[in-house]
Structure formats: structure tokens, C-alpha cells
Amino acid sequence: MKFVDEFRDPKLGKQLLQGIARLAAEIDRPLKLMEVCGGHTHAIFRFGLEALMPDNVDLVHGPGCPVCVLPVGRVDDAVAIAEHPNVVFATYGDAMRVPGSKKSLLGAKAEGCDIRTVYSPVDALAIAQAEPDKEVVFFGLGFETTTPSTALTVKQAAALGVTNFSVFSNHITIVPTLKALLDSAGENIDGFVGPGHVSMVIGLQPYEFVTRDYRKPIVVSGFEPLDVLQAIHMVLTQIAAGEAKVENQYTRVVREGGNPMALQALLEVFELRSYFEWRGLGTINHSGLQLREPYAAFDAEKRFAVPQLSVADPKACQCGEVLKGALKPWECKVFGTACTPETPIGSCMVSSEGACAAYYNYGRLSVLKSKPEAKAATRPAPRPSDEQPEAAE
Amino acid sequence: MNAPTKKGSGTVAKSPLFERMEKHRRRAGRVRDDVVVLAHGGGGKAMQDLIDDLVVRELGRDNALLETREDQARLPLEALTAKGDRLAFTTDSYVVSPLEFPGADIGKLAVNGTINDLAVGGATPLYLSCGLILEEGLPIATLRRILRSMGKAAREAGVHIVTGDTKVVARGAADGCFINTAGVGVIAEGRDVSSGKVDEEDVILVNGYLGDHGAAILVARGELQLDSDIPSDCAALHTLTDALTSAVDVHAMRDVTRGGLAAVLNELALGSEVGIVVDEHALPVRTEVKGFCEVLGLDPIHLANEGKVAVAVPASQAAEALAVMKAHPLGERASIIGRCRAEPPGVVTLDTGFGGERILDVLVGEQLPRIC
């Protein structure tokens, strides 16, 4: 397939891998590289790249999966909105299975709530127009990648005078998060594979503090296997040369200045919340976005009574440690036993971009092969209930 | 009913009016409504008309067993035992939305899907039942097209729809039309195909492009505003499976439907406790379907099919099996897509071409609801 296969060429991949091996040998110390974005995590596992890294290069899977960092309390709020009679709750598919304290959106749907999967906020607005006697609420999720489309949809709803449409905003922003991460776990990380589609919107300048204040290289990367390998190669090249720069591997999509029109729409409709809770990471100041006053009529949190309770993560869940890169997914106490994609305890197990789900779905083999002792040590003995064979269809 | 008196029956029966009325009463019924109404399932005249005019007319052509209109089909044992020593019996319900889509409709699907469930057991499919659950308000014209398509698919496949049932439910209690078909086939003596028989020396073949049906349904729903003319691959596989089982020592066969190839390979791997390695680059996938999956974040290996079969044969007979497939109209794009190994048992892995290998598991939830 044109414009995809070119970036999946195994021959070029092997050349890059040889270069990565050379650089890693030259640097000759353990290295931890964090890919911030869930899309990269997914690509790394889908193409089996992690197993191809040199022994001293460890890939750490960061917090850039918006579904994974959605806290329990916000899921409960979403369910509470969806349970209002007459509400159509429109959401991206990934969010359906994220566990709340009592149920997920999927559970609420099964109980009769009108919850629909959409691929775009525009689809949700179209539902509002087609069904004017319903209240349509769009579950706004994601970083700067998806926020502009939500912003433009809100502007469009305002222009069209659609009054039965609102947004439950859980949009978040990457820079404060990176900063919080560097402050709490920075010494663990030697360099970053930077987010691609977020950078398409915000450009490169916002990452300069990473290199200036923390002296870590960051390379903005695309999502195909050759993109990720080349970005890793570029990060290692910087480390080998003792440099820390912001570089752009994803030049076919990311411009240095980002996308000014998208940014302008975002800033016009959204403003920073003073604080926002992240699953596993706690509260991060100025990391969440809410609708500005002129668009308050489209703010679902103002339109519907939501509990807005902060709910602690389940005790067994170590998503926070995984998101910070302090634990490998398979080192979590409940990984693969109590917590599976079927019955997720933490949200890292829900989205295909979540590190735990990626490990579970794609990476178990490398755990089986290379880390048998770790696996044995961290896996609790199965409880009787785990041993029941799965029912045949 | 009381027996009529001699006097009464004698005089009325001879009346030309009575004879005309009785003749009229025995004519095949006609449906005059434009849409299905509750009365069409009520057991009275309206239901009889529907069965005469639609079910028997469309399904009963060259089909003496359905024409008899008994409450059950009576199948001659002798004809069955002549073909083999075991009966294969299966059932499947079809709830696809929309009812009609490029390449097929729920009727064709209901015939071919059940035929395929028989075929992959090594059976020769012979008889089908047809249970219809209709929603009040379904256009009669739509129902006629569906039944005509069922009849055509059955005739083309050489199977007979020999018994059936029709129910109508109130508007909102179903979605247009649901169909259940059960199927009976015969397995020839000596044939033993089973998902527990995959050997670590086997290779896996599929007969063509993966994911067409799933893509066709998604586009046909129109929710994604995607434009494409990918048709469903809905087809009856029994002549292909028969050719294969006659030519080579087929260990296992599974039709690749919901859950896609990934689900089937996991069933085979777990059923036989062997490992399976899939060569990602050998998977036959249309460029359009690949592009479609890239846009939507889907994987063709999880997409539904309705005319694909995965087959495990000994590596020594791989070339022969591939040749048999390619010689069949439904196997032109056949490909050897993977091989089995002893370790790790029950696990399917995918060779990504980068030297990396990853686990290929089944999907947890639904990728798409109501695909068949």
C-alpha cells in the first residue's frame, strides 16, 4: 500500500537496527528511552520492535495514551451523564471498556443507556442535529491531537445554533505532563521519542524545556516502524555525542511551528484547568482543558450534575508505576492474571495503546522468552477462580 | 368439525358456486400487503399467503420436500448412508445489519454460512432449515429479495431447504429480519478433520483475500462516510473443501468468520496444543482493505470473512494443497500463510518481517457488532 509500505520496509529496518546496535555498544551503559505516545507503544509492539533492541536499551512506555490516564472518577462522571434520561452519550470506542468504580460505559450501555461509538466529534454533532429532542454529549478525550477537532465542532455547533449538543471535556495537554514526569522520574530516563501527532498541532518549540532544563534529547517521531527506529537512532546519536536537542524525525507531517489554525481554534474554545487528575499519576497542575466562558453552554459539566468525586485506583493496580516507567507491565502484581484485557483493573490494560494491553496482546512472547524468572517471581499463584476453563462459545 | 349430513353435502357440493369457491380457496395464496404485519405470523390465512407466495415460491423451486408442507422434513436414510457413515448437524443464526450489502444479503449469508459450517467438518451439505423472525413493517419486496437470494444460493450449492418456520414480532422487537438455518450433511467414511488434529509439522493455508466481508459491511452501514466498492466474499466453500480433502490429508479446517483469521488460528493452536507462526507478508489482503484498516485502526487479521477457510495440512503436501486451492474459483488467491511448531503450544505468533515476532491473540470485545 502506497505511503505505508515504504515505512515498513524490513530491509531498511535491519539497517537502522544495525546502526542502533552500533550506537548502543559505543555508549556502553544501560539506557532508558521513553516513548511518550501510546501510538508509538502500539507500533513498537505491533511490529515486535522491543525484542530487537540491544540489551542495554530499554524502552519505557510513557503516559501518552489518553484513555490510560483517565481516572476512575471521570469515568464515573461519564457514566452519570450517560445515565440521564434522554441523553445520547457519544464516545470514541477505546473509552468504552475503561473501568469506573462501579461500571464502565460498556456496562452502562448494557443497562440501557444510549451510548454510541463515534469516530469524530462531528459525528456526535450530526446525531444532535438528526435527533433534536435528545441531549447529545460528546466524550472529549485526548491530547492536542484530538482537541482541535473538538474545538472546531463546538464552534460549528455555536454557529449552527445547535443547543442540544455539549462536550464532557477530558482533554489534556502534553507539556505539563512531561514536566511532571521529568520532575518525578526524570533521572530514570535518558531520552524521549516525542509525540508525533500532538507535535503536528503544537510544533517543536514547546519541548525546548526538556533539553534546556533537563538536558534530555527528544526526537519527535512518526508511527510506522521505520519512523520509530529512526527516531531511536537519532536519540542514541545525540546521547553518543553528548547532546540534548529537540529534533524532528516526522518531517512529512510535523512542521516546526505546528498548525497555527488548529492551535488558534483550540485556544479560542479551551482554557487550562488549574488542575486535573491523571490515573496513576495523581493531580497535575494546568494539565487539563475546559471550555471557555463564551462556550459554557456547550460544557456538559455545567449542563448536567456530575458527582466529580476523585476515586482512588484499585489497590492492586500499579498503572501509575507503569506510566512513569518505574515498573514494566509484567512486573505489576496483577498483570495477566487478575488484570487482563477482558477484565481490566487498570486502564493501561484497556486501550490498544496502553502499555499493559500492548504487552499482553503482543509482547507476552518476549516475556516468555527472555524474562522467565521475572515472570515466575511476579505472578501470584492463580486463585481457584482463575483456573476455571473459559467457557466454549 | 361435524360430518355434514348426506342431504346438505349432496346439494352444496354440486353447486357451481361452491366448487368455484373451493377451487379458489385451494389456489396458492398471494400477499397483498406492502409490508410484513403481525398477521403474517399469526397462523391464519395471512401467514399461509406469506408462506405460499414468498417462502415456497422462492425456496421451493425444484424442491419437492418443502412443497409437501408437513411439519417436518422426512429425509430418506438410504440416500444419506450411501454418502457416508456420519451425519453432520449444525445451526447458525444471522442478524447482520444492513440486510443487504454489496456482494450478498442476509439470505445468501444464511445459506452459505451454514453450508460452510458443515463443509469444514468434511461433510457434504445436503439439507437446510430456514427459521425466519420478521419485524412488523419489513417491506415485502425486501423479504422477497432475501428469500429469492436464499433459494438461488441453495440451488447453486446443490442443497435443499426442506423445512422452515416463520414468526413475526412487533416493530422494535427485532431489526427487520433475523434468519436461523440449521444444516445436515454427511461425512464420508474415513474422513476425519478436526481442530484437535493439527500437527507441529503442518502448514496453514487460506483460500484468498481476508477481511472483505467485514469491510463491506462497515462501508454499507454508511456511518463512516467511507466510499468503496469492496464486495462481501460470501460464498459456499463445500466444493473447495471437498476437493482438498479428496486430494490431500487435511488435518483441520475452519471457516474464517467473526473474529477473523486470528480467532480461527487461536482455536486451532489451542485445540491441538501446537504453536502457529504466521508470516504477516504472506497474508492475502486487498490494497483497499489494507487502506481501510489503516484509516480506522483495524487489523485485517481480525476482520470477518464469509467465504474463507483456513486449512492445516502436512508440510509435505503443502504444494499440492495450494495447487488444488488455486485451481478452484474460490481459491485463486490462496496462500500458505503460516507453519506450525511444537513450542510454545497453544500460542499463535506473527512474524512481522522485522525479525520481530509478536503474539496474535483473539480480540477481547467486538470489533464490529452484527456482522453476520
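**Exercise 1. Classify Glu201(B) as buried or exposed, and place it in the chain.**

Step 1. In this predicted model, the relative accessible area of Glu201(B) is 54%.
Step 2. The cut-off for exposed is over 50%.
Step 3. Glu201(B) is therefore exposed.
Step 4. Along the chain, Glu201(B) sits in the loop that runs between strand E6 (177-187) and strand E7 (202-206) of chain B.
Step 5. Glu201(B) also belongs to a negative surface patch, together with Asp199(B), Glu200(B) and Glu343(B).

**Exercise 2. Describe how strand E12 of chain B is paired with E9(B) and with E13(B).**

Step 1. Strand E12 (residues 348-351) of chain B runs parallel to strand E9 (residues 275-279) of chain B, and four bridges join the two.
Step 2. One position in this pairing is Val277(B), whose bridge partner in E12(B) is Thr349(B).
Step 3. With strand E13 (residues 357-359) of chain B, E12(B) pairs in the antiparallel sense over three bridges.
Step 4. In that pairing Asp351(B) is opposite Glu357(B) of E13(B).
Step 5. E12(B) and E13(B) make a hairpin with five residues between them. Within the turn, Gly353(B) has a positive phi of about 90°.
Result. E12(B) is parallel to E9(B) and antiparallel to E13(B).

**Exercise 3. Find which parts of chain B are linked by the salt bridge of Glu58(B) and Arg148(B), and say how accessible each residue is.**

Step 1. The side chains of Glu58(B) and Arg148(B) form a salt bridge with an N to O distance of 2.9 Å.
Step 2. Glu58(B) lies in helix H3 (residues 45-59) of chain B and Arg148(B) in helix H7 (residues 140-157) of chain B; the two are 90 residues apart, so this pair links distant parts of the chain.
Step 3. Glu58(B) has 1% relative accessibility and is therefore buried, the cut-off being under 20%.
Step 4. Arg148(B), at 43%, is partly exposed.
Step 5. Salt bridges with shared partners bring Asp53(B), Arg57(B), Glu58(B), Arg144(B) and Arg148(B) into one network.

**Exercise 4. Work through two salt bridges of chain A: Lys103(A) with Glu111(A), and Glu271(A) with Arg292(A).**

Step 1. Side chains of opposite charge can pair when their charged atoms come close.
Step 2. Lys103(A) and Glu111(A) meet at 2.8 Å, N to O. Lys103(A) is partly exposed at 22% relative accessible area, whereas Glu111(A) is exposed at 58%.
Step 3. For Glu271(A) and Arg292(A) the N to O distance is 3.8 Å. Glu271(A) is in strand E10 (residues 270-272) of chain A, and Arg292(A) is in the loop between strand E13 (289-291) and helix H12 (300-303) of chain A, so the salt bridge ties together parts 21 residues apart in sequence.
Step 4. Both residues of this second pair are partly exposed: Glu271(A) at 27% and Arg292(A) at 28%.
Step 5. Over all chains, the structure holds 36 salt bridges.

**Exercise 5. State the secondary structure count, the dimensions and the buried share of chain B.**

Step 1. Chain B has 12 helices and 13 strands.
Step 2. Taken along the principal axes, its C-alpha atoms fill a box of roughly 95 × 50 × 30 Å.
Step 3. Chain B has 372 residues, of which 52% count as buried.

How values were computed:
Residues numbered from 1 in each chain as written. Chains lettered and ligands numbered in written order. Predicted model: local features only at pLDDT ≥ 70, side-chain atom pairs only at ≥ 80, totals over all residues. Heavy atoms only, no water. Pairing = 2+ DSSP bridges. Patch = residues over 30% accessible without salt bridge, like charges linked within 9 Å, V, L, I, M, F, W, Y side chains within 5 Å. Areas by Shrake-Rupley, 256 points an atom, 1.4 Å probe, with all protein chains shown as cover. Salt bridge = Lys/Arg side-chain N within 4 Å of Asp/Glu carboxyl O. Lys, Arg positive; Asp, Glu negative; His and termini not counted. Charge placed at Lys NZ, Arg CZ, Asp CG, Glu CD. Buried < 20%, exposed > 50% of the residue type's maximum accessible area, 1.4 Å probe, protein only.
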